[in-house]
Each structure stands twice: as structure tokens, then as C-alpha cells.
Amino acid sequence: MNFAGDGYYKLNRRLLLLVGLWPYEHSAYKYCQMILCNVIIIYTTICQIRYLMRHVIEDWNILKDKKEVEIIERYTYVGSMCTLILTIIGCTSVIVCLFIPLTPSILDIVAPLNVSRPRQLLFPGEFLVDQQKFFYAIILQIDVALGLIIATLIGTESLYVTYVQHACGMFQIASYRMDQAFNVKFVQGYPIEKKSIIICKRIIEAIFIHKRALEFSEFLWSSLAISYSILLIIGITSLIVNLFCFFQAVMFQKAIDEIVTLSFFIVGHIIYLFLGNYVGQILIDHSADIFQNIYITRWQSAPLQAQKLLPIIMQRSMKSCKMVVGGMFIPSLEGFATLMSTTLSYFTVLWSTHK
């Protein structure tokens, strides 16, 4: 690439060459760089998922009490149901997106008119070819890309929900163990010294489970913080653009199918943002509940040695487990309200500037 302004793009060229994205480089080195970068990203992701999955397996193997197994099974079942529902929604979305552009062609066969109905792409764009001539090829490309995006999104998001449910189950088990530690009927008939040892042992077991739940949650959040920061920015920007296009379509009385499509996109954005924040709220509530559960137990009747162990877990549980995205945003119901308020504010500014 040689032109008068070539010198101003040297740094950009070198940076993109490092990751194999410079479009004017066709050497084997470029493709090796692309492969290497993709391998590093995939390997890092696999290692994180493997660590979390190994942690889950160890947690299941630790649990021996029947009630504790029932608790973790109940929470894991909720996660699996969420995965199933998200998969059904994703598959339905892909099928709908496939048939919407094909509706005119299907109607031409079922109920033909004197002229063919106009065909439109679901996502208008510049494809550098005759869109009507290569209509079906473009639809195939869009559907394949959309299917891959949705499959990746569902695969990662459903696993995230399942992991959060697992962490909530572990926090609930810690609360259960703490409640059982002060259950009088389990220490009746024992001398005071033996009773103190049993209660202390049960408290230590509860602290151990609580610690594992915290470690799991913190590693999960640290793994997702950067990617969710990027997704948050993209999601808010996309929602603002779709709101702007929707109001334009309504104000200028454009085709009803365009208005309906934009409505679905806006609702989808809002639901996605709400679910992500709702899952974060669930974990916050479960991590904070253990403090309340300890407070209402009969800890006053426990031996002094056992009471001295309580501040360890109470002090940590006073600070709820939460993910901080971008250093300032916390996924929660309050965070969702803040996102909606921010989105509407930016949309209002954009709309007033456009007018």
C-alpha cells in the first residue's frame, strides 16, 4: 500500500500486523498470526471454563448430607431449565429470522399476484453485489452468521446463569450448615466439652463452604468483567440506535414490517439487559442472606468458643458478592434501572440533536 499519506498509518499497520488483521498483508506470517491469536483466545477461555467446571465437580463431591445435595440439585435444575428455555428462544429466533425475508417469495407461490412482491433483507446493508440477484445467497450468509452469534451467546450466557445458580446453591448450603450448627437436638445428651467441639466443627464446615462459594463467585466475575464491559457498551449503543430508528420509522410512517422488526429488537435488548442484571441481583441477595441467617440463629446458647468463630463469617458476609463492570457498574435491579435511565437520556439527546 503506497500513497502520499502512507506514513501516517505506519503505527496502525504494525499494530494490526501483530494480530494478523492488516488487510494488505498476504504472507504466511499474517495467517500464522491470525491462527495464533485465535488459539490464545480460545485456549484462555477453555482454561477458565475448565477451572470453573472443576470447582463445580469438587463442590458436588464434597457434599455428603442428603439435604445439602437436594439444595444444590434444586439450584442446578433451575440453571438447566434456563439453558433449555434460552436454547428454545434462540432456535425460534433463528427460524423466524430465516422466514421473514422469505415471506414475499412464499406468498408469491401460495397467493400469486400479477407482479412479484418486493423482497427485503432483515438487516439492510451494502453487500457490493446485486441484492436481488444474489438474494438467497445473502440470506444464507446472514442466517449462518446469525446462527453462530446466537449459538455463542446462548452457550456462554446459559453457562453463566448455571454457574451463578451453583454459587447461590453453595451460599444456601453454607446458611443451612450454620443453622444446623446451632440446632439443639443434634447436641442433646453430650457433655459441655463435646457439645462445644461439635458446634465448632459444624461452624468451620459452614465457613469452608462459604469460602468456596466466594472463591467461585470472585473467579467467575473476574473472568467475565472485561467481556461484560464490552457487551454492556455494545448493548446500550445498539439499544439507543434501535430506539432512534424506531421513532424515525413511526414519525415518518414507514412500512409496518420495519416498525414491528425494530420493536422486537428493542424488546430483545431490554429483556437481555434485565436478565443479566437480575441474575446479578440473585447472587447479591444469596451472598448477603447468610448474615441474616446467622443473626436469627440461636447463637446465644452456644459455647463461647463457638461464638468466637461467628465474626469470621459474619464480617465477610456483610459485604455482598457482586461484580463491578468497568469499575463503576454493578449488575443488579438498581443497575438495570440506571441503564434504562442512561439509555433514555442519551436517546433524548440524540433525538433532539437530529431534530
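This passage describes three helix packings and one pocket in a predicted model.

We may begin with helix H7, which spans residues 256–296 and is paired here with two partners, H10 and H9. Helix H10 covers residues 333–354, and its axis comes within 7 Å of the axis of H7, the two crossing at roughly 150°. Angles over 145 degrees count as roughly antiparallel, and H7 and H10 are therefore roughly antiparallel to each other. On the H7 side, the contact is formed by Ile270, Leu273, Phe274, Asn277, Tyr278 and Gln281. H10 contributes Leu333, Glu334, Gly335, Phe336, Leu339 and Met340. Sorted by class, this contact between H7 and H10 holds eight nonpolar, three polar and one charged residues.

The second partner of H7 to be considered is helix H9, made up of residues 310–317. Here the axes lie 8 Å apart and the packing angle is about 140°. H7 and H9 are therefore oblique to each other. The crossing of H7 with H9 is left-handed. From H7, the residues in contact are Ser287, Ala288, Ile290, Phe291 and Ile294, and they meet Leu310, Ile313, Met314 and Ser317 of H9. Seven nonpolar and two polar residues make up the contact of H7 with H9, with no charged residues.

A further pairing joins helix H3, residues 66–99, to helix H5, the latter running from 135 to 181. Their axes are 8 Å apart, and the helices pack at an angle of about 165°. That angle makes H3 roughly antiparallel to H5. The two helices cross in a right-handed sense. Their contact comprises 18 nonpolar, twelve polar and four charged residues.

Helix H5 also takes part in the second largest pocket of the model, where H5 is one of the helices that each supply at least two lining residues. The others are helix H2 (28–62) and helix H6 (192–251). This pocket has a volume of about 660 Å³. Its lining consists of 22 residues, and those closest to the centre of the pocket are Thr45, Thr156, Ser223, Leu224 and Ser227. As for the chemical character of the lining, 13 of its residues are nonpolar, eight are polar and one is charged.

Conventions
Residues numbered from 1 in each chain as written. Predicted model: local features only at pLDDT ≥ 70, side-chain atom pairs only at ≥ 80, totals over all residues. Heavy atoms only, no water. 1 Å grid on protein atoms, 1.4 Å probe; cavity = no way out; pocket = protein on both sides within 12 Å on 5 of 7 lines; lining within 4 Å. Points joined across faces, edges and corners; volume = space filled by probe spheres on them. Helix = DSSP H or I, 4+ residues; strand = E, 2+ residues; numbered from the N terminus. Nonpolar A, V, L, I, M, F, W, Y, C, P; charged D, E, K, R; others polar. Axes fitted to C-alpha atoms, helices over the stretch in contact; angles between N-to-C directions. Parallel < 35°, antiparallel > 145°, perpendicular 65-115°, else oblique. Contact = heavy atoms within 4.5 Å. Left-handed = near helix turned anticlockwise from the far one by under 90°.
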